Amino acid sequence: ALALIGCQSWEVQKKEAEELKITRENKAKLANILLPEDIVVTDDLKEAVTDKDILVLAVPSKAVRSVSKSLKDIVKEKQIIVNVAKGLEEDTLATMTDIIEEELKGKNPQVAVLSGPSHAEEVGKGIPTTCVVSAHNKELTLYLQNIFMNPAFRVYTSPDMLGVEVGGALKNVIALAAGIADGLNYGDNTKAALITRGIKEIASLGVAMGGEQSTFYGLTGLGDLIVTCASMHSRNRRAGILLGQGKTLDEAIKEVNMVVEGVYSAKSALMAARKYNVEIPIIEQVNAVLFENKNAAEAVNELMIRDKKLEIQSW
């Protein structure tokens with residue numbers, strides 16, 4: 001048995017649960033996709049969690065700690081918990097699985113991460129999608145691969161749990177930059193530059209934090225970055241477009257009307273870069289636009305006129 005926990009607040013969850021029970025559809029966030037009748041919808045966390053083999057934690061990154069605390073008294077010993085949220089906690093720089101393990105340490109949870117280029121709008125329609133699962137041990141990783149695999153959802157495995165999570169968090173910040181460029185009516189050249197140099201920043205910081213270089217050029221790094229920078233399903237790109245068009249951060253978030261994870265990860269990424277002494281000029285400029293009211297076109301100009309650099313350190 002598997003439970004999917006997906007909420008930011010129980011008030012919101014209760015309202016959405018009632019709607020889903022009746023219509024089997026989340027019209028606001030996942031229109032035209034009906035939940036199968038054998039899926040039970042509830043706003044009762046204890047009911048959802050009790051006696052389940054696997055819990056999938058699908059909440060916004062900023063809610064992972066509070067929801068994990070709520071789980072402490074109702075999960076079983078060595079509960080399998082699969083996190084799908086993408087982010088780094090501000091101030092602590094903790095990954096989402098770090099937070100889950102910290103809050104549930106008395107229960108010794110078996111925590112894993114499932115990540116990759118997988119917009120729900122397409123997964124829900126059965127459009128072919130590939131992701132990566134990673135846990136602390138090979139046995140759990142392979143077990144979860146078998147659980148989630150189906151003809152439309154191919155799951156790869158990785159031993160690099162940290163790298164998978166860091167790639168998933170940081171790509172959202174670069175997607176904001178890609179959206180800003182779109183909002184400024186820049187072209188394909190700019191988008192290609194942001195994706196290419198963006199993955200360089202993600203990989204450099206990710207390796208400094210302890211991830212494996214190869215992870216960032218796979219599905220949970222470059223793959224996730226491409227889809228997030230290019231797709232209108234991407235909340236981060238859509239928010240970036242609005243910022244590029246001159247909207248304030250609050251106006252952009254309100255118009256997107258969904259959680260924009262890159263906003264929360266941007267500050268964390270900048271803190272991590274300073275801690276590990278890594279250059280991340282694109283992410284720095286995104287932070288300036290988000291939190292310092294910097295003009296978006298000026299931010300792009302500063303990226304272009306930086307000191308000359310080698311692309312690859314071979315000389």
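Here is a short walk through this predicted model, stop by stop.

**Stop 1: the two domains**

Start by colouring residues 8-158 and 162-305 separately, since the domain assignment gives these as domain 1 and domain 2. Their C-alpha centres lie 24 Å apart. Now show the residues where they touch: 29 from domain 1 and 28 from domain 2 take part in the contact.

How much area do domain 1 and domain 2 bury between them? About 2400 Å², with 66% of it on carbon and sulfur atoms. On the domain 1 side, select Leu88, Leu93 and His119. Those three lose the most area to domain 2, together making up 27% of what that side buries.

While you're at the boundary, look for charged pairs. The count between the two domains is two salt bridges. Next, pick Glu90 and Lys267 and show their side chains: they form a salt bridge, with the closest N and O atoms 3.9 Å apart.

**Stop 2: Asn236**

Move on to helix H10, residues 235-244, and select Asn236. Is Asn236 buried or exposed? It's buried, because its relative accessible area is 5%, and the cut-off for buried is under 20%.

To see what surrounds Asn236, leave aside its neighbours within four places in sequence and show its other contacts: Asn172, Ala175, Leu176, Thr228, Val260, Glu261 and Gly262. Then draw a C-alpha to C-alpha distance from Asn236 to Val173; you should get 7.6 Å, although the two are 63 residues apart in sequence.

**Stop 3: two asparagines with positive phi**

Jump to Asn108, in the loop between helix H4 (96-103) and strand S4 (110-115). Its phi is near 50 degrees, a positive value in a residue other than glycine. Asn108 counts as partly exposed because its relative accessibility is 41%.

Now go to Asn185, which sits in the loop between helix H7 (161-183) and helix H8 (188-209). Here phi is near 65 degrees, again positive in a non-glycine residue. With a relative accessible area of 70%, Asn185 is exposed.

**Stop 4: a nonpolar patch**

Finish on the surface. Which residues make the nonpolar patch of about 380 Å²? Select Leu2, Leu4, Tyr143 and Ile147. Strand S1 (2-5) and helix H6 (138-148) each supply at least two residues of this patch.

For a last click, choose Ile147, which lies in helix H6. Ile147 counts as partly exposed, because its relative accessibility is 38%.

Key:
Residues numbered from 1 in each chain as written. Predicted model: local features only at pLDDT ≥ 70, side-chain atom pairs only at ≥ 80, totals over all residues. Heavy atoms only, no water. Patch = residues over 30% accessible without salt bridge, like charges linked within 9 Å, V, L, I, M, F, W, Y side chains within 5 Å. Areas by Shrake-Rupley, 256 points an atom, 1.4 Å probe, with all protein chains shown as cover. Salt bridge = Lys/Arg side-chain N within 4 Å of Asp/Glu carboxyl O. Helix = DSSP H or I, 4+ residues; strand = E, 2+ residues; numbered from the N terminus. Buried < 20%, exposed > 50% of the residue type's maximum accessible area, 1.4 Å probe, protein only. Domains from an automatic or database assignment. Contact = heavy atoms within 4.5 Å. Buried area = accessible area lost by both parts, 1.4 Å probe.
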